[in-house]
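Subject: Structure handover

Hello,

Here is the structure you are taking over. Please open it first, and then read the notes below alongside it.

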Amino acid sequence: MVTQPTQSSPFIRACRREPVPRTPVWFMRQAGRSLPEYRRVREGIPMLDSCARPELVTEITLQPLRRYDVDAAILFSDIVVPLRAVGVDVDIKPGVGPVVGRRFRDASDLSWLRPLEPADVPYITEAVRSLVSELGERPLIGFAGGPFTLASYLIEGGPSKNHDRTRALMYGDPTLWHRLMGALAGIAISFLQVQIAAGASAVQLFDSWVGVVSPEDYRRAILPHTSRIFAALAPAGVPRIHFGVGTGELLGLLGETGADVVGVDWRIPLDEAARRVPPGKALQGNLDPAVLLAPWDVVESRAREVLSRGRAAEGHVFNLGHGVLPETSPDTLARLADLVHDASARTPA
Ligand code: 1CP
């Protein structure tokens, strides 16, 4: 394993539960629609086309780092990129999200999901390499979609509120469910391995919508597949982060997947989350993204509260409880990153 300069960065150290001079911070969806410079460079270029252009991916990934003193960059891409790369008929509709040409229905549709080869995503390798050389000591986070969340887009045909069809398939046809989850987990493993091989310093598995299942169903229907993903990545030695929305009742199980860091949304305070995850886990989160639309004194007191409760965790990476809302002022995010650093600075003993 190569020792990268990023390995002693505060972000990586916090993921490993090592002491840090100040709490590291980054924001889910720090790139993207809240930035005017993003809207400018994306003009006229469909989302999935932009993800396949390494020079554009590099530019968009770096844009938030020019404004915010964040401790990590996250690759600009999307969770459906590897699905499209293996030939799934999926597109991202502006203002909607991922939409598939036809819903996934039965075992014959498993033929959509051949294994992902590195040669299917040469633009990811190229973008990650170029970013790593630009970023120096600042880590790049690679990511993939978790199997439940990807399955939901395939089964529902697009964004969904309650993921009812997805849960119905999970209950009604366990054999097909496990084959589908197995195929999606395999694709996530390859997609993350490509990013790690090209130099990503950490990875995050976004199983954003998994909070709609009960703990028992999670254990039976999802945990084995997520555990397989994290086990496959273990030899790479990079921190593995796992995140989902509305996962308060699942936090203990998310910690059983083999993830090093458990992401927490805004519904559960971090000190309570620290009690719910098994020992040996760092936490990431969890300021409500909607707080950033409130006056600054509210943002400040809420952020201080997150930092204070985060001290109960073995390691803490400050983040939002979900992605930056498009209407968020970039100036508020810039101020927040500075506040996190200033308020958490440890004076050397
Ligand atoms: O035209 C546009 O600008 C499209 C908006 C957009 C963007 C900027 C989409 C469509 N995806 C992305 C980028 C993206 N997606 C990133 C890049 C990192 C960053 O911007 O900092 C990441 C990490 C994702 C991951 C992603 N896509 C997730 C997991 C994270 C999360 O938000 O929970 C999910 C669920 C998606 C699906 C998706 N892609 C796009 C949208 C609008 C959605 C959500 C649709 C829905 O509500 O179901």
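A good place to begin is W112, which is found in the loop between β3 (97-100) and α6 (122-135). Note before going on that this is a predicted model. W112 counts as buried because its relative accessible area is 19%, and the cut-off for buried is under 20%. Leaving aside neighbours within four places in sequence, W112 is in contact with V86, V88, R102, R103, F104 and L154. The C-alpha atoms of W112 and V238 are 30 Å from each other, with the two positions 126 residues apart along the chain.

One of the contacts of W112, L154, belongs to the buried residues of α7. That helix spans residues 147-156 and is mostly covered, with 10 of its 10 residues buried. They are P147, F148, T149, L150, A151, S152, Y153, L154, I155 and E156. After α7 comes G157, with a positive phi near 90 degrees.

Further along, in the loop between α7 and α8 (164-172), is H163. Its phi is also positive, near 60 degrees, in a residue other than glycine. H163 counts as buried, at 3% relative accessibility. R29 is a second residue other than glycine with a positive phi, near 60 degrees. R29 is in the loop between α1 (10-15) and α2 (36-42), and at 52% relative accessibility it counts as exposed. As background, most residues other than glycine have a negative phi, and most peptide bonds are trans. On the second point, the peptide bond from G285 to N286 is cis, with omega near -5 degrees. N286 is in strand β8 (residues 282-287).

Next, the helix packing. Two packed helices are described by the angle between their axes and the distance between the axes.

For α8 and α9 (174-197), the angle is about 115 degrees and the axes are 6 Å apart. The contact is made by T166, L169, M170, Y171 and G172 of α8 and by P174, L176, W177 and L180 of α9. By class, this contact has seven nonpolar residues, two polar and no charged ones.

For α9 and α10, the angle is about 25 degrees and the axes are 9 Å apart. Angles under 35 degrees count as roughly parallel, so α9 is roughly parallel to α10. The crossing of these two helices is right-handed. On the α9 side the contact is made by W177, H178, M181, G182, A185, G186, A188, I189, L192, Q193 and I196. On the α10 side the residues are R220, A221, I222, H225, R228, I229, A232 and L233. By class, the contact of α9 with α10 has 12 nonpolar, five polar and two charged residues.

Helix α10 (residues 215-233) has a bend of about 55 degrees at I222, and a proline, P224, follows within four residues. I222 is itself buried and takes part in the contact with α9. The other buried residues of α10 include D217, Y218, A221, L223, H225, T226, I229, F230 and L233. The cover over the buried residues of α10 includes α7, α8, α9, β5 (202-206), β6 (240-243) and α11 (251-255).

Two loop residues remain. S208 is in the loop between β5 and α10, and it is buried, with a relative accessible area of 9%. Not counting residues up to four places away in sequence, S208 touches T149, F243, G244, V245 and H322. Among these, T149 is one of the buried residues of α7.

G321 is in the loop between β9 (316-320) and α14 (330-344). At 0% relative accessibility, G321 counts as buried. Leaving aside its neighbours within four places in sequence, G321 is in contact with M28, F243, V264, D265, W266, N286, L287 and P289. F243 is thus listed for S208 and for G321, and N286 is the residue that follows the cis peptide bond. The C-alpha atoms of G321 and P82, 239 residues apart along the chain, are separated by 25 Å.

Regards

Technical notes
Residues numbered from 1 in each chain as written. Predicted model: local features only at pLDDT ≥ 70, side-chain atom pairs only at ≥ 80, totals over all residues. Heavy atoms only, no water. Buried < 20%, exposed > 50% of the residue type's maximum accessible area, 1.4 Å probe, protein only. Bend = angle between axes of the 7 residues up to and from the residue. Contact = heavy atoms within 4.5 Å. Axes fitted to C-alpha atoms, helices over the stretch in contact; angles between N-to-C directions. Parallel < 35°, antiparallel > 145°, perpendicular 65-115°, else oblique. Left-handed = near helix turned anticlockwise from the far one by under 90°. Nonpolar A, V, L, I, M, F, W, Y, C, P; charged D, E, K, R; others polar.
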